[in-house]
Amino acid sequence: MFAALLLLTIGLLGWQFAVQGTDRSLTASMKLGTDFNLIDHNGDPITEAAFDGQPTLVFFGFTRCPEVCPTTLYEMAGWLDTLGEAGNDLQAFFISVDPERDTPEIMKGYAEAFTERVTGITGDPDEIARVVAAWHVYAARIPTEDDDYTMDHTASVFLMDANGDFKGTIAYGENAETAVAKLRQLTGNS
Amino acid sequence: MKPIALALTAALFGLSVSASLAHEFKLGALEIDHPYARATPPNAPVSGGYMTIRNTGDEADRLISGEAAFAKRVEIHEMSMDGDVMKMREIKGGLEIPAGGEVTLKPGGFHVMFIGLDGQLIEGESRPATLTFQKAGSIELEFSVENVMKMKHDMKSHGHGDMDHGDMNKDAMKDDG
């Protein structure tokens, strides 16, 4: 009886992994993230409570990012556009991995150039580092000339359901139809 | 009269678009086709510059540096994906342009990085920048500013339908590699 239950559990985990398939280290329905005290792009305090109660997209990036971040924000705007009313419940956040340079003003101008549906989050660097670690996100400073630096970072969009459970990711460059299908599933409007 | 005027306008518009899309520069054995820079959101401190560089000579050359009045620094970078992590690196020693070959700088790969912009780059503008090659020397280019990924304002003004948008998105991805 116990052995059968164990087998069933293993089988279920394997199924989740196969279905998920987007990230080696993450499994659907696991809890990601942590409590936090940060600042949204309007300069107001924001905590982990902002993610509760609604399906949520979370993306980590920075505004000195020439490629992946503008492309992802552009695509996010497109997915939300395509979903129309079906996506009204969805909320989206863009968390800076470069909080020392990304002020709320810079985050606001940047995010709103693509869509008003995405809220930028920045704040205390140590607090950001805690959030980054709790989301299993990779973010590393790469020094460049003149004591400057750029950031390597995880480029996937994280999908969380209204209960705050991790449901999967949308990879960088994933085709729009697949992305929108994942969002429909997330909102229960598939 | 009206249809004729319309046709004329369309023809003129077509001409001006193709003229602005195809600009080419020559420097010794090198041909540089259509240099363009990514239009930026407000406050964005960086932009990417893209082009195709052809080497018609029988010796390899290298793009080693650049400078621009509108940016504090110009670097030559390569972007790549390592699993789900985006990485960007300066190409040390410059970007080789093989003899008889060509290299395309484009979104998602090699690019000239303009760092520390003096203002927003707005679609339709153009900005001069100088690129320096190891053998061929330096050349001043005009980078036309283009919306590599159309931003919100354009999407609204064109009023795309739902499905259209998805298609457009995919096409954009294909074009941009």
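The following exercises, each with a worked solution, concern a predicted model of two chains, A and B.

**Exercise 1. Composition of the chains**

Determine which helices and strands make up chain A and chain B, and how many residues of each chain are buried in percentage terms.

*Solution.*
Step 1. Chain A contains five helices and nine strands. Their order along the sequence is α-β-β-β-α-β-α-β-α-β-β-β-β-α.
Step 2. Chain B contains three helices and eleven strands. Here the order along the sequence is α-β-β-β-β-β-β-β-β-β-β-β-α-α.
Step 3. In chain A, 44% of the 190 residues count as buried. In chain B, buried residues account for 30% of the 177 residues.
Step 4. For contacts in chain A between residues at least 6 apart in sequence, 67% join residues at least 24 apart. In chain B, 67% of the contacts between residues at least 6 apart likewise join residues at least 24 apart.

**Exercise 2. The faces of a helix in chain A**

Establish where the buried residues of helix 4 of chain A lie around its axis, and explain why they can be said to line one face.

*Solution.*
Step 1. Helix 4 of chain A spans residues 125–134, and its buried residues are A:Ile128, A:Val131 and A:Val132.
Step 2. Viewed down the axis of helix 4 of chain A, these buried residues fall within an arc of 100°, and therefore they line one face of the helix.
Step 3. The spacing has a general background: an α-helix has 3.6 residues a turn, so residues three or four places apart point the same way.
Step 4. On the face of helix 4 of chain A turned away from the buried side are the exposed residues A:Asp126 and A:Ala133.
Step 5. The cover over the buried residues of helix 4 includes strand 3 (56–61), strand 4 (91–96) and strand 6 (139–143) of chain A.
Step 6. Just after helix 4 of chain A comes A:His136, with a positive phi of about 55°.

**Exercise 3. The partners of strand 2 in chain B**

Trace the pairing of strand 2 of chain B with strand 1, strand 3 and strand 11 of chain B, and state for each whether it is parallel or antiparallel.

*Solution.*
Step 1. Strand 1 (residues 24–27) and strand 2 (residues 30–38) of chain B run antiparallel and are joined by four bridges. One partnership is that of B:Lys26 with B:Glu31 in strand 2.
Step 2. Strand 1 and strand 2 of chain B form a hairpin with two residues between them, and B:Gly28 in the turn has a positive phi of about 55°.
Step 3. Strand 2 and strand 3 of chain B are antiparallel, with six bridges between them. B:Ala37 stands opposite B:Gly49 in strand 3 of chain B.
Step 4. Strand 2 of chain B runs parallel to strand 11 (residues 137–146) of chain B, and three bridges join them. B:Tyr36 faces B:Ser144 in strand 11 of chain B as its opposite residue.

**Exercise 4. Where the chains meet**

Identify which elements of chain B give two or more residues to the side that touches chain A, and describe the strand pairing between the chains.

*Solution.*
Step 1. The contact involves 33 residues of chain B and 38 residues of chain A.
Step 2. The elements of chain B that give two or more residues to this side are strand 3 (46–55), strand 5 (71–82), strand 6 (85–90), strand 9 (110–117), helix 2 (152–158) and helix 3 (162–176).
Step 3. Helix 3 of chain B supplies the largest share, six residues.
Step 4. By class, this side of chain B has 16 nonpolar, eight polar and nine charged residues.
Step 5. Strand 7 (residues 149–154) of chain A pairs with strand 6 of chain B in the antiparallel sense over two bridges. Across this pairing, A:Thr154 stands opposite B:Val85 in strand 6 of chain B.

Definitions and conventions
Residues are numbered from 1 along each chain as its sequence is written. Chains are lettered from A and ligands numbered from 1 in the order in which they are written. This is a predicted model: local features need pLDDT of at least 70, side-chain atom pairs count only at pLDDT 80 or more; totals for chains, interfaces and linings use all residues. Two residues are in contact if their C-beta atoms, placed from the backbone, lie within 7 Å. Ala, Val, Leu, Ile, Met, Phe, Trp, Tyr, Cys and Pro count as nonpolar, Asp, Glu, Lys and Arg as charged, and the others, Gly among them, as polar. Two strands pair if DSSP finds at least two bridges between them. A residue is buried if 20 or more other C-beta atoms lie within 10 Å of its own, exposed if 12 or fewer, and partly exposed in between; C-beta atoms are placed from the backbone. The arc is that of the directions from the helix axis to the C-beta atoms.
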